[in-house]
Amino acid sequence: MLQAEGNSNFNTGETMAETDKDDLVSLLEESENDADIPDTLPLMPVRDIVIFNEMLLPLFVGRDKSIRAVEHAMSNDGLLLLATQKDPSVEDPEPEEIFTVGTVGRILRMLKLPDGRVKTLVQGIAKAKVVKYIKKRSLYQVKIEIIKEDDLTEIGLESQALMRNVREHAEKILALRGELTGDISTILESINDPGKLADIVASNLKLKIKEAQDILEQIDPVNRLKKVNDLLSREVELSSMQAKILSDVRDEISKTQRDYFLREQVRMIHRELGESDDKTQEIEDYKSKIKKARMPKGADKEATKQLKRLDQMHPDSSEASIVRTYLDWLVEMPWNKATRDVIDIKQSKDVLNTDHFGLIKVKDRILEYLSVRRINPKMKGPILCFVGPPGVGKTSLGQSIARAMKRKFIRISLGGIRDEAEIRGHRRTYIGALPGRILQGIKQCGTNNPVFMMDEIDKLGSDFRGDPSSALLEALDPEQNSSFSDHYLNIPFDLSKVMFILTANLTDTIPSALLDRMEVITLSGYTEDEKRIIAQKHLIPRQVKENGLNAQKLSISNGALIQMIREYTSEAGLRGLEREIGSLCRKVARRIAEGETGPFRIAKNHLPKYLGVPQYISEVDQEKSQVGLSTGLAWTHVGGEVLHIEASFIGGKGELIVTGQLGDVMQESARAALSFAKANLESFGVKEDAFESKDVHIHVPAGAIPKDGPSAGIAMATSLISVMINQPVNKEIAMTGEITLRGRILPVGGLREKALGALRAGIRTIIIPEKNKKDLSEIPKNVKRKINFVPVNNMVDVISLVFNGKPGKLSK
């Protein structure tokens with residue numbers, strides 16, 4: 001191993017303590033008269049440094065070949081070639097791994113160290129080039145060629161200016177480093193040879209091996225000095241920038257320390273005068289707030305700990321701002337603030353009935369909770385989930401519950417949330433961190449027992465930032481939410497007193513683990529009579545008031561209202577109806593603004609003038625009873641809908657064609673219906689080979705809308721049989737139920753929604769599976785008065801109803 005000892009003096013290489021200035025001058029004079037250099041010398045590869053002429057430096061020699069090269073040189077004339085190896089990490093470099101141009105060095109002193117290494121003091125005296133390697137095994141011995149430089153008889157003005165520039169740059173760098181002395185300036189001024197000046201300056205620059213080697217190999221002294229000047233210019237810029245950065249840092253630290261000491265002195269002065277400064281006042285305010293907050297033991301301990309940290313911080317530091325924000329959240333959270341429940345069951349029932357018409361099941365559940373709450377005030381809050389189509393009053397029902405219980409109401413929307421931190425909060429390590437939406441809502445309302453509504457729970461998302469629905473599992477579990485932990489506060493907060501109410505359009509997209517924690521209450525939609533009553537009690541008065549009208553200026557007849565419900569809207573909820581009422585009010589307001597006085601009485605025949613032509617006409621009125629056209633019923637997330645199913649025979653090979661974007665379950669129902677029809681050809685009076693030359697095509701209109709589910713089985717079978725026997729299906733009969741290969745009718749779900757959808761479409765008779773009779777109890781009485789529900793067990797009963805008993809006896 002060979003290594004150059006550290007050099008902090010800008011001179012010709014003086015590093016050994018025992019080598020003084022007089023020795024240096026004598027050595028330099030001796031080297032100038034040294035001209036007899038043999039053409040064969042030992043070579044010692046060096047790493048991490050390029051040695052120049054006139055360079056004096058100590059070297060520690062540790063590699064065996066290098067030690068033998070030093071010993072060989074000392075046994076002769078003390079000369080050896082010092083060449084830099086290309087890769088410093090190579091322990092035993094080959095000849096091709098060593099630069100060919102190096103410096104002939106004279107060993108001035110040698111000292112053997114106890115660890116086997118050798119310490120030498122060498123001086124570069126001439127540049128040389130390796131011509132040939134003579135010996136390689138025990139040591140490197142090479143034949144060299146001395147590189148002679150042209151003697152400058154006269155130094156031109158350009159060279160003089162270049163030398164002066166190099167001296168000034170060198171002194172500037174040393175001044176920036178704090179290493180400039182008078183001796184160094186004297187040495188630089190005493191050198192009048194451009195090449196020698198270039199070598200001395202280059203040997204003291206912190207250059208890369210490649211840059212230093214390029215300078216060494218440059219023979220022309222002036223060109224070599226130009227290269228050194230370019231490198232010096234770059235080094236001056238770097239050193240100036242480094243010095244500026246260090247100076248700025250020192251100034252900032254000094255200013256910060258000075259400000260701190262001054263503030264401390266001001267604090268001490270205020271304390272002696274019996275006054276308080278801003279920081280002391282802030283700390284005292286926080287102590288008072290912490291005491292008033294009546295936090296739990298763990299929260300109080302954490303708040304006190306953070307307050308002590310704040311007291312020790314500089315008030316303007318960024319960390320102090322973070323701690324202040326955290327303390328503000330702790331003291332403003334309603335740890336022990338709760339509204340007192342005023343539980344009067346009769347009054348609560350009146351509030352619910354005033355705000356909402358119908359919804360008996362939901363109101364009963366709320367009154368049950370209030371009743372239990374009155375008997376057992378310590379019961380945990382329920383987790384209710386209202387599921388139903390848009391516009392049925394899920395959100396407004398939550399507000400009514402809060403009003404009935406005299407509690408605060410807070411609502412957040414979960415639709416589109418994909419980040420778990422929105423629920424649990426961000427950790428305080430992040431800039432701008434905040435608690436999650438739950439604790440934000442609790443703080444906003446100021447009590448720990450509000451009615452907390454989370455809208456659109458079925459529209460939660462998830463991505464690489466986490467799954468918000470998983471974060472809700474703890475908050476919505478009555479057994480766990482008494483110690484809900486938010487990432488920001490990092491302290492348990494009791495949510496067990498909160499009454500959580502969630503809303504959704506459907507439960508399919510809610511994770512099963514989350515759904516299991518909730519009590520689902522279904523709001524199917526409103527009947528025509530319920531819509532009319534709600535419009536008269538709530539929607540019309542609200543829109544009349546919002547549009548600057550009053551009951552004396554505008555009135556809407558029952559007939560007009562019913563026609564608006566039937567022909568201008570088709571929905572399970574009330575939003576569309578309220579929009580139409582609002583449109584009508586605006587048109588009346590415009591007439592008043594144009595100078596008409598009124599009053600305006602809106603009758604049925606006035607609606608086309610105000611609202612345009614009807615948008616929805618009963619499909620029963622539009623269609624006639626047709627062959628191959630049956631009416632089914634479907635459930636959607638916006639309520640029940642009527643589904644028309646068409647069937648026809650076309651020329652082919654007996655294949656089944658299904659169109660209308662039907663899902664796998666509906667396609668299987670179509671195959672089951674076809675198999676049932678083929679199995680009973682004889683009963684229908686159809687030849688057995690009727691299907692061999694014909695394809696069966698089943699189509700469900702509205703082909704752009706995907707459809708699926710098992711409940712269209714009997715409607716598909718009915719349309720197929722209608723085509724086979726060439727008899728029309730009664731258009732006033734709708735049907736729902738799953739069919740088997742034996743013709744049995746199996747039960748389906750969503751009967752209430754389907755019944756309401758059929759009623760909106762003008763259907764008055766619905767065929768249902770026998771096992772769905774139990775679900776008729778959930779259907780409103782006024783709907784059952786208007787619709788005739790016919791339970792059936794098998795397709796025999798269905799066919800006898802829709803075809804007036806024409807087909808014969810079927811196989812069961």
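Here is a short briefing on the fold, surface and a few individual residues of this protein chain. The model is predicted, so please read each value below as computed from it. The chain combines 27 helices with 25 strands, and its radius of gyration is 48 Å, where a compact globule of 812 residues would have one near 28 Å. Buried residues account for 47% of the 812 residues.

**Overall shape and contacts**

- The C-alpha trace spans about 135 × 95 × 65 Å along the principal axes of the chain.
- With a radius of gyration of 48 Å against the value near 28 Å for a compact globule of 812 residues, the chain is worth viewing along each of its principal axes, where the spans are about 135 × 95 × 65 Å.
- Of the contacts between residues at least 6 apart in sequence, 74% join residues at least 24 apart.

**Surface and charge**

- The protein chain exposes about 40800 Å², and carbon and sulfur atoms supply 49% of that area.
- There are 117 positive and 116 negative side chains in the chain.
- The centres of these two charge sets lie 13 Å apart.

**Cysteines**

- A disulfide is a covalent bond between the sulfur atoms of two cysteines.
- The structure holds 0 disulfides.
- Cys385 counts as buried because its relative accessibility is 0%.
- Cys445 is also buried, because its relative accessible area of 9% falls under the 20% cut-off.

**Positive phi angles in loops**

- Most residues other than glycine have a negative phi, which makes the next two residues good ones to look up.
- Glu456 has a positive phi, near 60°, and is a residue other than glycine.
- You will find Glu456 in the loop that runs between β10 (451–455) and α16 (468–475).
- Glu456 is partly exposed, because its relative accessible area is 25%, a value between the cut-offs of 20% and 50%.
- Asn490 is not a glycine either, and its phi is positive at about 55°.
- The loop between β11 (484–485) and β12 (492–493) is where Asn490 lies.
- Asn490 counts as exposed because its relative accessible area is 54%, and exposed means over 50%.

**Ile657 and its neighbours**

- Ile657 belongs to strand β19, which covers residues 656–659.
- Its relative accessibility is 30%, so Ile657 counts as partly exposed.
- Leaving aside residues up to four places away in sequence, Ile657 touches Ile650, Asp695, Val696, His697 and Ile698.
- Ile657 and His699 are 42 residues apart in sequence, with 8.2 Å between their C-alpha atoms.

**Exposed residues paired across the sequence**

- Ala679 lies in helix α23, which covers residues 664–679.
- At 57% relative accessibility, a value over 50%, Ala679 is therefore exposed.
- Measuring from C-alpha to C-alpha in the model, Ala679 and Leu741 are 8.6 Å apart in space, while 62 residues separate them in sequence.
- Arg340 sits in the loop between α10 (318–332) and α11 (345–355).
- Arg340 counts as exposed because its relative accessible area is 75%.
- From Arg340 to Met405 the C-alpha to C-alpha distance is 9.0 Å, and the two residues are 65 apart in sequence.

Notes: Residues numbered from 1 in each chain as written. Predicted model: local features only at pLDDT ≥ 70, side-chain atom pairs only at ≥ 80, totals over all residues. Heavy atoms only, no water. Helix = DSSP H or I, 4+ residues; strand = E, 2+ residues; numbered from the N terminus. Rg over C-alpha atoms; globule rule 2.2 N^0.38 Å. Buried < 20%, exposed > 50% of the residue type's maximum accessible area, 1.4 Å probe, protein only. Contact = heavy atoms within 4.5 Å. Areas by Shrake-Rupley, 256 points an atom, 1.4 Å probe, with all protein chains shown as cover. Lys, Arg positive; Asp, Glu negative; His and termini not counted. Charge placed at Lys NZ, Arg CZ, Asp CG, Glu CD. Disulfide = S-S within 2.5 Å.
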